[in-house]
Amino acid sequence: MNKSNKYVCIHGHFYQPPRENAWLEEVEMQDSAAPFHDWNERINFECYAPNTAARILDGDGFIRKIINNYKRISFNFGPTLLSWMEKADPTNYRAIINADRQSRDRFSGHGNALAQVHSHLIVPLCNPRDKRTQVIWGMRDFEHRFGRKAEGIWLAETAADTDTLEVLAEEGILYTILAPRQAKAFRKIGDKSWTSTSEAGIDPRRPYLCKLPSGKSIALFFYDGNIAQDVAFNGLLNNGKSFASRLLEGFTESDEPQLVHIATDGESYGHHHRYGEMALASCLNYIEENGLAVITNYAEFLEKFPPTFEAQIHDNSSWSCVHGVERWRSNCGCHTGGRSDWTQAWRTPLREALDWLRDQLVPIFEKQAGEMLNDPWQARNDYIDILLDRKETRIQAFVEQQAKRELTKAETTHLMRLMEMQRNAILMYTSCGWFFDEISGIETNQILQYALRAIHYAQQVSGKDFHPKFLKQLEKAPSNVYENGATAYKNYVVPTQVGLTRAGMHYAASSLFERYPEQLSLFNYEAVSEVFERIIAGTQRLAVGRAVMKSKITLSEKQFSFAVLYLGQQNIIGNIATDMDRDTFDQMKKRITEAFRSTNLGDVIAIMQEYFGKEKYTIWHLFRDEKRKILEQITDQSMRQAENTFRDIYNDSYQLMTGILRSGIPVPVTFTHAVQHVINVDLQRFFQQERLNPKELRKLASEMQKWNVTLADPSAFALAAGERIFLEIQNLKESDITLEQLQILNEIFDQLAKMNVEVDIWQSQNFYFYMMKGFKAGKWVFASEDWQQAFQKLGDHLRIRA
């Protein structure tokens, strides 16, 4: 076979379930992702970022190349994931966007990136309007980020039916990727008879044309399921050359152009399989360097070799359910392999409950939005422009473009509530809510948050309360843990609800501790202070204020007055009122501040009750991350006291403990606990100090060995060490790197090795590797022989030959 007719394409579907609080639209801390803040952050560190700079090693395990995998593979990113990454890791975000731009030069003007249906809905199960909105939102999001129109699109779970393909073709999509079992029949274009895939299977090495009832058509690529299975589940990513060999085995002896291609979750390359990104890079490099095949992407291959065969698909089919799309609407038997005795009979009533809610919201939206807008459903399609840029000026431009007439401020807020009602009515169908085994799982709770928010907006705009009937619907959904789905919903979803009043409560409590509380941004809310006074008396604090809380989403505003008292530890007592006039507030403020200054806390509490009533809030009403931040501030003093006690034991009893140790007598547990605590605290602080002193680390390493101390949190320590080393290496200026800087870094690496701490250094390797290119190009010179040896030793630590 002619090698120039052998093509390889690897597709990665990069996606994370939505994790943000549906009311705050920010991802709150997830303890299970420690030492990272949340799972997005963790998987980004393990997978998405490393794929922008994947290592290729030589025979001795040293780095010889660093490549951006996204330049060589086909990929799609979930829009919600990219939205998170754009804020959380802009450097990595830009590397992905730039990789697509650079891939166009490599692949005949065709970029590697595909769009994705926006919110990861199972599109065949959507109604016609939601189908189209999902495609339009996905395409517009893609165009906004990548600066070009999408040629292909990824369907969530590759779920497809003919109607879905019709929408794709109508919106100008050229191709999509499907699983081989989704092919129903095929034939050579021009032939009359079809060959069923149940008889012959589908050949994945060519594109297929799918002619649609409307007369339009779309190209389909059916990936190689066997190789994809080996990548995802059978250890093929253990070795890059083995990966390459497995791909090359997919070719047949033919002179026709052949495309061996696979599609898997992109998280396989680094998260599910550690160093999977290196196996991917090694695989592609091995194929290219040895001229074994041509690396391509789908759009380039499609342009070079248009389909000569056509195919039909099984309607309502997908890649992750052998029963079609039943995993997202019935107890089909597909599950994640957890408890075999658990049922997924909750899936049907859950979908029925959401369908019922969706259908209740439609007439409200059509009637009320129709009174203000030229075309409400077209406006919903265009609402993606607001989701991509929530500036108030952008909202005003949207209103001017869509409205029949000029809207008042109140009408604009009303319209935004209607649009958000519809947005949440779409998000509540995110596929992850049905994928797992139990209705009370975090993924299902997430989509039910969207449902609750849609119900909340519906009540605001129409006065109708759909919540009681929605709860009745959820009662029909069996739970493996709780009485039913409604019980789980009330336990986990209802408490997440946030409105302007609760945001005001949060502002009031946090104003006790924030440095500049006069203007404070709280996720989707912004507080602007009209009056504020904070009085501090030792550990006790009083804050009194009057402010306006504004939603950045709907532009709605609410004025509130508050008084909040901090008594020490976790004891916060607060009150808030939304109907207090200014004169009454001024009177309350005068009385309560006088009472606090006179040290009469009983009067303070009595005055709060007189003006605000009996209902109070505490620290437990705060948003999760802010609650943690304030609790850390509160507990800091207690922790310092505990540390001082342990340090006194450590210092005062050091000689005694040493004598006991040398005598072969077990050191008392109280002493060992003190030693463990002090050394771990000092190790943690070592990488936080302004200037690193290797002698301190050497001493701590020696103490660890002497007392047989273990790290309290090895992952967190390794992460902190790796990040600080990266910071120090970034501070190396090529034209002015001192010998002392190099020696400090080398000594730190030596001591970490003695401590058996494995630090993730891929970011430091990147910086050093590209710095090495500068020396090799003659841009800089080695200062001295000692300097050169130190620089080379640092390269050894980083596994890069200098």
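The buried residues of helix α14 pack against three other helices: α12 (376-382), α13 (384-388) and α15 (409-427). Keep in mind as you look around that this is a predicted model. Helix α14 itself runs over residues 392-402, and its buried residues are Ile395, Phe398, Val399 and Gln402. Those residues cover an arc of only 95° around the axis, which puts them on the same side of α14. Turn to the face pointing away from that buried side and you'll meet the exposed residues Thr393, Glu400 and Gln401.

Helix α3 makes a good next stop. With 17 residues (90-106) at 1.5 Å a residue, α3 should span 24 Å, and its end C-alpha atoms are indeed 24 Å apart, so the expected and modelled spans agree. The buried residues here are Asn92, Tyr93, Ile96, Ile97, Ala99, Asp100, Ser103 and Arg104. Look down the axis of α3 and these buried residues fall within an arc of 145°, so they line one face of the helix. On the other side of α3, Thr91 and Asp105 are exposed. What do the buried residues of α3 pack against? Their partners are the helices α1, α2 and α4, together with the strands β4 (74-77) and β5. Just after α3 comes Ser108, with a positive phi of about 55°.

Strand β5 is worth a closer look. It covers residues 113-116, and Ala115 sits in it. Is Ala115 buried or exposed? Its relative accessible area is 1%, and Ala115 is therefore buried, the cut-off being under 20%. Leaving out residues up to four places away in sequence, Ala115 touches Asn76, Gly138, Met139, Phe142, Ala150, Gly152, Ile153 and Trp154. There's also Lys149, which lies 34 residues from Ala115 in sequence and 8.9 Å from it in space, C-alpha to C-alpha.

Over in helix α4 you'll find Asp141. Asp141 has a relative accessible area of 4%, so it counts as buried too. Beyond its neighbours within four places in sequence, Asp141 is in contact with Pro79, His118, Ile384 and Leu388.

Now for some open space. The second largest pocket has a volume of about 1,300 Å³. It is lined by 50 residues, and the closest to its centre are Glu25, Glu26, Ser83, Trp84 and Lys87. Several helices each supply at least two residues of that lining: α1 (39-48), α2 (79-88), α4 (128-146), α13, α15 and α23 (624-652). Which of the elements gives the largest share of the lining? That would be α2, with 8 residues. Sorted by class, the lining has 18 nonpolar, 12 polar and 20 charged residues.

Two individual residues come next. Leu209 is in strand β10, residues 208-211. Although Leu209 and Ala311 are 102 residues apart in sequence, their C-alpha atoms are 6.1 Å apart in space. Ala311 is also among the residues that Leu209 touches; not counting residues up to four places away in sequence, the others are Ile189, Ser217, Ile218, Pro307, Phe309 and Glu310.

Thr343 sits in a loop, the one between β14 (309-313) and α11 (347-370). At 27% relative accessibility, Thr343 counts as partly exposed. Setting aside residues up to four places away in sequence, it touches Asn331, Asp437 and Asn480. Asn297 is 46 residues from Thr343 along the chain, and the C-alpha atoms of the two are separated by 41 Å.

The tour ends at helix α22. At 1.5 Å a residue, the 12 residues of α22 (601-612) should span 16 Å, which agrees with the 16 Å between its end C-alpha atoms. Its buried residues are Val604, Ile607, Met608, Tyr611 and Phe612. Viewed down the axis of α22, these fall within an arc of 105°, so they line one face of the helix. That buried set packs against the strands β17 (540-551), β18 (557-568) and β19 (571-577) and against the helix α21 (582-597). After α22 comes Gly613, whose phi is positive, near 95°.

Conventions
Residues are numbered from 1 along each chain as its sequence is written. This is a predicted model: local features need pLDDT of at least 70, side-chain atom pairs count only at pLDDT 80 or more; totals for chains, interfaces and linings use all residues. Side-chain values use heavy atoms; hydrogens and water are left out. Helices (H or I, at least four residues) and strands (E, at least two) are DSSP runs, numbered from the N terminus. The expected span of a helix is 1.5 Å times one less than its number of residues. Buried means under 20% relative accessible area, exposed over 50%, partly exposed in between (1.4 Å probe, protein chains only). The arc is that of the directions from the helix axis to the C-beta atoms. Contact means heavy atoms within 4.5 Å. On a 1 Å grid over the protein atoms alone, a cavity is a set of points where a 1.4 Å probe fits but cannot get out, and a pocket is an open set with protein on both sides within 12 Å along at least five of seven lines; lining residues have an atom within 4 Å of a point. Grid points are joined across faces, edges and corners, and a volume is the space filled by probe spheres set on the points. Ala, Val, Leu, Ile, Met, Phe, Trp, Tyr, Cys and Pro count as nonpolar, Asp, Glu, Lys and Arg as charged, and the others, Gly among them, as polar.
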